[in-house]
Structures are given as C-alpha cells and as structure tokens.
Amino acid sequence: MRKKKLQESLSVVSGRFSRGLGWQQSPYEFSSGPSPALTGGDAKVINCSAIMIKINVRREGRRIYSGRHKPLSAHSNSHDRIIIIDFGSQYTQLIARRIRESSVYCEILPYNTSLEVILSRNPKGVILSGGPASVYDDDAPKLSSDILGRLVCPIFGICYGLQIIAFELGGQVQPSSNREYGYARLVVTDPDSPIFRGLPGEIDVWMSHGDQVNRVPVGFHVTARSSDALNAFEDLSRRIFGVQFHPEVAHTPFGKQILQNFLFNVCRVKADWSPSAIISEQIKTISALAGDEKVICGLSGGVDSTVAAALVHEAIGERQTCIFVDTGLLREGEFESTISLFKRKMSLNVVGVNACELFLKALDGVIDPEEKRRRIGRIFIEVFEKEARAIGGVESLVQGTLYPDVIESTSVRGPSAVIKSHHNVGGLPARMNLKLIEPLRELFKDEVRVIGRELGIPEDFLTRHPFPGPGLAVRILGEVNHDHLKLIRAADRIVEEELKLANLYGSVWQAFPVLLPVSTVGVMGDFRTYERVVAVRAVTSIDGMTADWARLPHDVLGRISSRLVSEVRGINRVVFDISSKPPSTIEWE
C-alpha cells in the first residue's frame with residue numbers, strides 16, 4: 001500500500017516538475033515563491049566541546065522517504081542519458097537545466113574526459129558546449145582522442161562546439177571580421193533539418209562569438225545563416241549537428257524547441273526522468289549498499305543536508321546519526337535554534353557538537369579563501385571521525401553535496417581554473433577514514449526542494465536561504481576572528497530581519513552581508529570615524545548556477561544601510577553588490 005501511494009505521488013510531482021520550471025526571464029533572472037519566517041527554538045544546548053547533546057526526536061504525520069546512490073550516477077543507469085562536454089562556457093549549466101526541464105537526465109563532463117569514460121555512461125547523445133577559447137590557439141581545449149569519429153550516438157555542437165567539430169573534421173575556422181554578440185536574425189536555409197523542424201523560417205537567436213566557420217567539413221551542409229556568417233550545419237549520415245548561436249539561453253525564443261528537437265527527434269530519448277522519480281530507486285540502492293553498517297550525516301540545518309539525511313533515514317532508520325557541528329562560524333543563535341527546529345519538526349537522531357575553538361584556531365591568521373575552505377573541510381572530517389569512533393561501527397559519512405558543488409570544484413582547464421573548492425568536495429582531505437554517501441550529488445538545488453516537498457520535509461527547512469558550508473568564514477574577507485564574527489553576525493541579522501519585514505525574503509534566492517577588509521572615513525555626530533565597509537549581496541536564481549542581482553526597493557536598502565551603520569559599532573559604510581553570476585560568483589569567497 002505504501003509503495004502504491006509513493007508511486008502515485010511521484011507521478012503527480014513528476015508532472016508538476018516537468019511543466020513548472022520553464023525559464024521565462026533573462027538567462028540570469030529567476031524568482032521563487034514566498035517563504036515563511038523561520039521560528040526560533042527553545043532547546044537548551046550545553047556549550048562544551050567535550051560534550052555531545054543527543055536529541056532523539058519524533059515527528060507525527062507523514063513519514064520521510066529516502067535513499068542514496070553511488071557517487072556520480074548509479075541511480076540514473078535506468079534512464080536515457082545525455083552527456084554535455086564542457087569547454088568552459090558560462091552557459092554550460094544552462095544547457096543542463098534546459099535538458100532536465102525536458103525530463104531527460106544529463107551529466108556535465110570536462111572536455112578532456114576520455115572516450116572510455118564517455119562510453120561507460122552509455123549516452124544517447126553528446127552535446128559540445130561553447131567556450132571562451134579560439135580553436136586555432138595552441139592551448140585551446142580539444143576533445144580527447146578521436147571522439148567525433150568513434151562515438152556512435154548523435155553529437156550536437158553549440159558555439160565553440162560547432163567550431164571544434166569543423167576544426168577537427170577538416171573545415172575552416174577563422175576570426176570574424178564582424179563579431180556577433182547579442183541578438184541576431186537567423187534564416188533557416190534547410191527547413192527539413194531535424195534540428196529546425198517545426199520552427200519558422202526566420203528566428204531571433206543569441207550570439208556570443210568572435211570566430212566563425214568559413215568552410216564546412218566534407219559531408220556537411222549549411223542549414224542556417226545570419227546576415228554575417230553560416231550559423232548551423234549538419235551531417236545526417238553521421239548524425240553530427242552544430243549551431244553557432246546559444247539555444248540554451250532565454251534570449252533565443254525557440255531555443256528550448258531546438259534542444260528538444262535534438263533530444264527527441266535525433267537522439268530519441270525517453271522523457272522519463274524527474275528528481276522525485278529517483279526516490280524509490282534510492283531506497284533500494286541505499287538499503288543494498290549500506291547493509292548493516294551505521295552511518296553519520298553532516299547536518300547543517302540547510303536544505304541540502306536535511307534532504308540528504310531524510311533520504312537516508314527511511315532506508316536505514318536509526319542506524320543514521322546526524323551530527324550538527326557548531327563551528328563558531330554560524331549565524332547569530334543558529335546552533336540552538338536549528339537543533340530546536342529539528343526537535344519539533346523532524347524524526348531524525350540528531351547530535352550537537354561544539355567545536356568552535358577547533359575551527360577558529362585552524363583559521364588563525366589565514367586570509368586566502370581556498371586555504372580557509374581546505375582547513376574547514378579538514379576540521380569537519382576530524383570532528384566527524386571522532387564522533388564516529390565514539391558511536392562505534394560507523395563506516396560512512398552522508399553529505400548534502402549538490403551538482404553545482406561538484407561542477408564548481410572541477411575545472412575544465414586544470415586545478416588553476418577551479419572556481420572554488422567546496423568544503424565537502426574540493427575542500428576534503430585526500431585521505432579519510434569514512435566512505436562518502438552523497439545522495440544529492442547529481443541534483444540542482446531546485447530539484448532537491450522538489451524531493452524535499454515530496455518527502456514531507458517542513459517548509460521551514462526547504463525555504464531557508466542557502467548558507468555556505470564554511471559559514472561566515474567566507475563572508476569575512478581576510479582574517480577570521482571573534483571581533484569580525486561579531487560584526488558580520490549582527491549585520492546578517494539586520495539584513496534578514498529587514499527582508500522579512502518587507503516580505504521579500506522568499507522572493508530572493510540568497511541575501512547576506514560581506515565584511516570587507518577596507519576601512520573608510522566617516523562622521524558620526526561630531527566625531528570622525530574610521531571603520532569597516534559592509535557589502536550587501538542579494539540575488540535571484542533558480543538553481544544557484546546562474547544568478548542576477550536582486551532589484552531590492554531603495555527604501556528597503558535605505559533601512560538596511562541605516563540600521564547597519566547605526567546599530568553595529570565598527571561599520572560606517574554600506575555598499576550594494578550589483579554583479580550577476582557569471583561573471584561573479586554568489587559568495588565573495
């Protein structure tokens with residue numbers, strides 16, 4: 001009976017998900033629904049690093065379903081799969097989002113992935129992303145081995161992907177005398193092309209390129225042009241297609257249909273994937289893989305770790321112990337209120353551990369953001385391994401790692417180009433005594449929220465703004481110490497309070513202050529001040545991979561600024577960050 005109800009509910013959520021995540025705004029503008037204010041807790045916590053506070057809690061009502069997978073892709077073997085080869089484009093993640101919105105599973109792999117690894121994924125199709133390089137540069141990223149000649153599935157090149165196809169198969173790519181950036185009018189010259197089937201003869205597209213293909217390879221023919229250059233070609237016999245424009249961005253109105261033409265007309269994939277559909281698969285997988293072992297879960301109180309813990313809970317129940325660590329880098333009152341929230345709302349076995357001094361000692365004098373993340377990741381693992389020994393019989397650590405964490409911690413050009421090391425991916429020590437269980441590793445944040453709602457997790461958890469694993473350490477530019485933490489905690493509380501008072505908390509993806517390593521002259525009363533600058537960052541997004549700065553009303557910004565300067569001694573100037581992602585990241589470090 002329970003399985004039948006689960007299957008019925010999964011089909012409902014799957015339909016809602018596939019229809020409800022279309023992007024209607026600019027490539028970087030997204031919004032979410034309203035969220036209720038978080039309620040504080042009344043739990044008492046003993047503030048001693050040598051003591052664990054164990055909270056065995058129950059929650060009446062709906063049960064929590066769960067599961068997990070082997071890292072990367074074990075749970076998706078039963079679904080048709082598209083592989084996206086990343087050449088460093090700022091839009092690569094948008095390609096993945098568009099494909100998943102079409103209920104098709106996909107993965108992003110770096111350009112130098114071997115043919116053997118690609119074939120092991122058994123893809124139904126391969127998409128080559130755009131990228132900032134020129135194919136004729138000596139250090140330009142190229143495909144490894146003869147992938148174009150040896151892959152038997154369809155291939156679709158976008159922008160740089162089109163150029164790399166032309167370059168490697170004997171065509172000609174040269175710098176354009178008239179570079180195309182922004183809108184362009186595309187004329188379809190072959191209406192029978194599978195890629196352009198069902199589209200008008202002329203469409204608006206979004207361009208971003210300085211090179212162009214002047215001669216197509218043997219066997220190819222041109223299928224579309226702009227006023228300045230050929231913009232699409234194909235070889236039907238080899239099922240290789242390419243477009244110079246970006247169908248994945250919202251500025252290409254028929255872009256989604258073009259991608260779906262490739263998925264369903266060319267690759268003939270099944271639209272059988274949704275984030276909620278993995279739940280039943282995960283229950284079976286984790287039960288088989290965990291066996292009789294105990295596991296611990298690194299709990300933060302945020303969406304990711306909460307859903308990960310819930311997924312594992314149904315499979316192994318009380319054999320999972322959730323550990324919530326007070327790092328000394330949390331927001332004001334967050335340790336106590338989060339434990340209280342878990343006590344009142346969730347049926348998880350939660351242990352609270354105070355490790356403030358361990359983390360602050362490790363960060364003493366550290367300024368480099370990557371070093372901060374590495375040290376925080378190392379201390380987290382040391383704490384988890386210590387608690388695992390105390391529990392006994394623990395073999396694995398559950399983490400709420402998401403797909404954006406994996407992508408941003410992996411470089412398409414080697415270690416020097418990694419965006420940042422997430423503390424639970426690139427920030428982990430090379431050697432650990434615990435195996436990793438990462439049930440959300442293939443999912444985006446919005447997909448995790450879909451699963452969370454299906455599992456019956458309270459909105460208090462699901463609508464919380466994302467909070468970085470390294471905590472306030474990466475919102476303090478420069479050295480982390482007690483004085484700086486006091487300033488940023490007070491500033492963070494004010495920003496959150498004002499957004500909630502204005503009913504704006506649920507309409508932004510994330511909002512927070514950043515303490516800058518800059519002091520400026522000010523005047524307060526009749527006295528000169530020389531105090532710190534705080535930057536307020538607020539963004540809208542749908543999955544955290546791209547974001548736009550939130551257009552907060554000026555009166556709200558004015559109240560935030562006024563309160564920060566008047567209520568937080570040590571701050572005398574406030575600036576507002578109006579950068580999008582890309583090129584900037586959401587967090588400053």
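Which residue just after α2 takes a positive phi? Ser103 does, with a phi of about 65°. Keep in mind as you look around that this is a predicted model. The chain has 16 helices and 19 strands, and 60% of its 589 residues count as buried. Contacts often reach far along the sequence: take the ones between residues at least 6 apart, and 78% of them join residues at least 24 apart.

**Helix α2**

- Helix α2 covers residues 92-101, and 10 of its 10 residues are buried, so the rest of the structure largely encloses it.
- The buried residues of α2 include hydrophobic-looking names such as Leu94, Ile95 and Ile99, but also Arg97, Arg98, Arg100 and Glu101.
- Thr92, Gln93 and Ala96 are on that buried list too.

**Helices that pack together**

- Start with helix α8 (residues 303-316) and helix α13 (residues 445-454), whose axes are 10 Å apart and which pack at an angle of about 45°.
- That angle makes α8 oblique to α13, because it falls outside the ranges for roughly parallel, roughly antiparallel and roughly perpendicular.
- The α8 and α13 crossing is left-handed.
- On the α8 side of this meeting you'll find Val303, Asp304, Val307 and Leu311, and on the α13 side Lys445, Val448, Arg449, Ile451 and Gly452.
- Helix α8 also has a partner in helix α7 (residues 278-290): their axes come within 9 Å and cross at roughly 65°.
- That makes α7 roughly perpendicular to α8.
- This time, for α7 and α8, the crossing is right-handed.
- Here α7 brings Ile283, Ile286, Ser287 and Ala290, which meet Val312, Ala315 and Ile316 of α8.

**Cysteines**

- How many disulfides does the structure hold? The count is 0.
- Cys297 is in no disulfide, and its nearest cysteine sulfur, the one in Cys322, sits 4.6 Å away.
- With a cut-off of 2.5 Å for a disulfide, that 4.6 Å gap explains why Cys297 and Cys322 aren't counted as a pair.
- Is Cys297 buried or exposed? Cys297 counts as buried, because its relative accessibility is 0%.
- Cys106 also has 0% relative accessibility, so Cys106 counts as buried.

**Asp235 in a strand**

- Asp235 lies in strand β9, which runs over residues 230-235.
- Its relative accessible area is 4%, so Asp235 is buried.
- The side chain of Asp235 makes a polar contact of 2.9 Å with the side chain of Arg238.
- Leaving out residues up to four places away in sequence, Asp235 touches Val218, Gly219, Phe220 and Ile240.

**Gly328 in a loop**

- Where is Gly328 found? Look in the loop between β12 (320-326) and α9 (334-345).
- Gly328 has a relative accessibility of 7%, and therefore counts as buried.
- Gly328 and Leu360 are 32 residues apart in sequence, yet 7.0 Å separates their C-alpha atoms in space.
- Beyond its neighbours within four places in sequence, Gly328 is in contact with Cys356, Leu485 and Arg489.

Conventions:
Residues are numbered from 1 along each chain as its sequence is written. This is a predicted model: local features need pLDDT of at least 70, side-chain atom pairs count only at pLDDT 80 or more; totals for chains, interfaces and linings use all residues. Side-chain values use heavy atoms; hydrogens and water are left out. Buried means under 20% relative accessible area, exposed over 50%, partly exposed in between (1.4 Å probe, protein chains only). Helices (H or I, at least four residues) and strands (E, at least two) are DSSP runs, numbered from the N terminus. A polar contact is a pair of N or O atoms within 3.5 Å; within protein, one must be able to donate a hydrogen and the other to accept it, and residues adjacent in sequence count only if both atoms are side-chain atoms. Contact means heavy atoms within 4.5 Å. Axes are lines fitted to C-alpha atoms, for helices over the stretch in contact, and angles run from 0 to 180 degrees between N-to-C directions. Angles under 35 degrees count as roughly parallel, over 145 as roughly antiparallel, 65 to 115 as roughly perpendicular and the rest as oblique. A crossing is left-handed if the near helix is turned anticlockwise from the far one by less than a right angle, and right-handed if clockwise.
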